[in-house]
Amino acid sequence: LRVTVRRSDMEVARAVCRVGARRLCSSGAAATHSTAGLGAAPGPAVEVQQNAPRVGLIETMLKARVHCGHAPGYWNPKMAPFIAGQRAEQHVIDLNQSALAMEKALHLIRGVVDAKGSILFVNTRLQFETITRRAAIACGEYFVTRKWVGGTLTNSDEVLGITRKPDLVIAMSLPVLNAALRDANQLCIPTIGIADTDCDPNSVTIAIPGNDDSEASIKLYLDLMCNTIIDVKERREPTTSARQSGETEKDFVSSS
């Protein structure tokens with residue numbers, strides 16, 4: 001369904017957030033009533049409180065302009081289920097689905113880090129090189145911020161300086177990272193990717209619908225993911241939440 005409204009882009013996105021919040025509340029109430037006879041805590045207020053983090057995430061995504069997609073002429077039809085409407089010749093992404101996908105992605109990241117797996121951040125767009133590199137270093141993980149070299153994963157000991165394949169690949173821009181995703185899929189490595197409206201969401205294990213052209217959006221994705229990684233590492237090993245600075249710098253040299 002395509003809906004063109006005569007309001008500002010921000011107002012459209014806020015309307016999407018309000019609808020999502022109402023859906024969360026109504027679904028919470030329905031779940032509470034359906035289980036009331038089984039001893040569940042009565043009243044929708046409990047369910048609303050449990051979903052409050054997602055509502056807060058949606059508001060944060062709104063401020064970072066995660067909802068801003070491309071012009072309809074540049075869209076990928078596979079992204080249709082994730083588009084809430086359009087305004088001023090620009091698709092508006094459904095932030096309810098963006099927040100849900102991010103929650104799934106963070107859950108996967110927690111599992112990988114908890115199992116002491118390694119994560120590879122990939123973002124070869126020049127304007128986001130610095131923030132991607134800094135984020136990966138901050139959480140003690142690997143990164144590629146330059147052109148994807150053939151054999152990066154099949155020869156990871158030579159290219160990345162690690163003796164085993166990464167357990168998760170996070171692609172910050174799907175259209176320009178097709179080669180990286182093919183390598184990961186060939187090796188059955190799970191992938192997380194930011195899917196703007198011109199992307200194929202089926203090219204990754206978990207697609208997060210969102211703007212991949214805004215620095216504010218990219219920084220938000222990185223902050224959420226890296227904070228999750230750091231939290232798990234600190235809980236697992238309080239005194240060694242990340243690699244030592246010398247090892248991290250080595251990662252930077254070999255990965256760039």
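**Close-up 1. Arg125, a buried residue of this predicted model, and its partner Asp213.** Arg125 is buried, with a relative accessible area of 17%, in a model that is predicted. The side chain of Arg125 forms a salt bridge with Asp213, in which the closest N and O atoms are 2.7 Å apart. Because Arg125 lies in the loop between β3 (119-122) and α4 (129-138), while Asp213 lies in the loop between β7 (206-209) and α7 (215-236), the pair ties together parts that are 88 residues apart in sequence. Asp213, for its part, is partly exposed, with a relative accessible area of 35%.

**Close-up 2. A salt bridge within helix α4, between Glu129 and Arg133.** Glu129 and Arg133 both belong to helix α4, where they stand four residues apart, about one turn of the helix. The closest N and O atoms of this salt bridge are 3.6 Å apart, and both Glu129 and Arg133 are buried.

**Close-up 3. A salt bridge within helix α7, between Lys219 and Asp223.** The side chains of Asp223 and Lys219 meet in a salt bridge with an N to O distance of 2.9 Å. Because they are four residues apart in helix α7, Asp223 and Lys219 are separated by about one helical turn. Asp223 is partly exposed, with a relative accessible area of 31%, and Lys219 also counts as partly exposed, at 44% relative accessibility.

**Close-up 4. A network of salt bridges around Arg125, Asp212 and Asp213.** Salt bridges that share partners join Arg125, Asp212 and Asp213 into one network, and the structure as a whole holds seven salt bridges.

Definitions and conventions: Residues numbered from 1 in each chain as written. Predicted model: local features only at pLDDT ≥ 70, side-chain atom pairs only at ≥ 80, totals over all residues. Heavy atoms only, no water. Salt bridge = Lys/Arg side-chain N within 4 Å of Asp/Glu carboxyl O. Helix = DSSP H or I, 4+ residues; strand = E, 2+ residues; numbered from the N terminus. Buried < 20%, exposed > 50% of the residue type's maximum accessible area, 1.4 Å probe, protein only.
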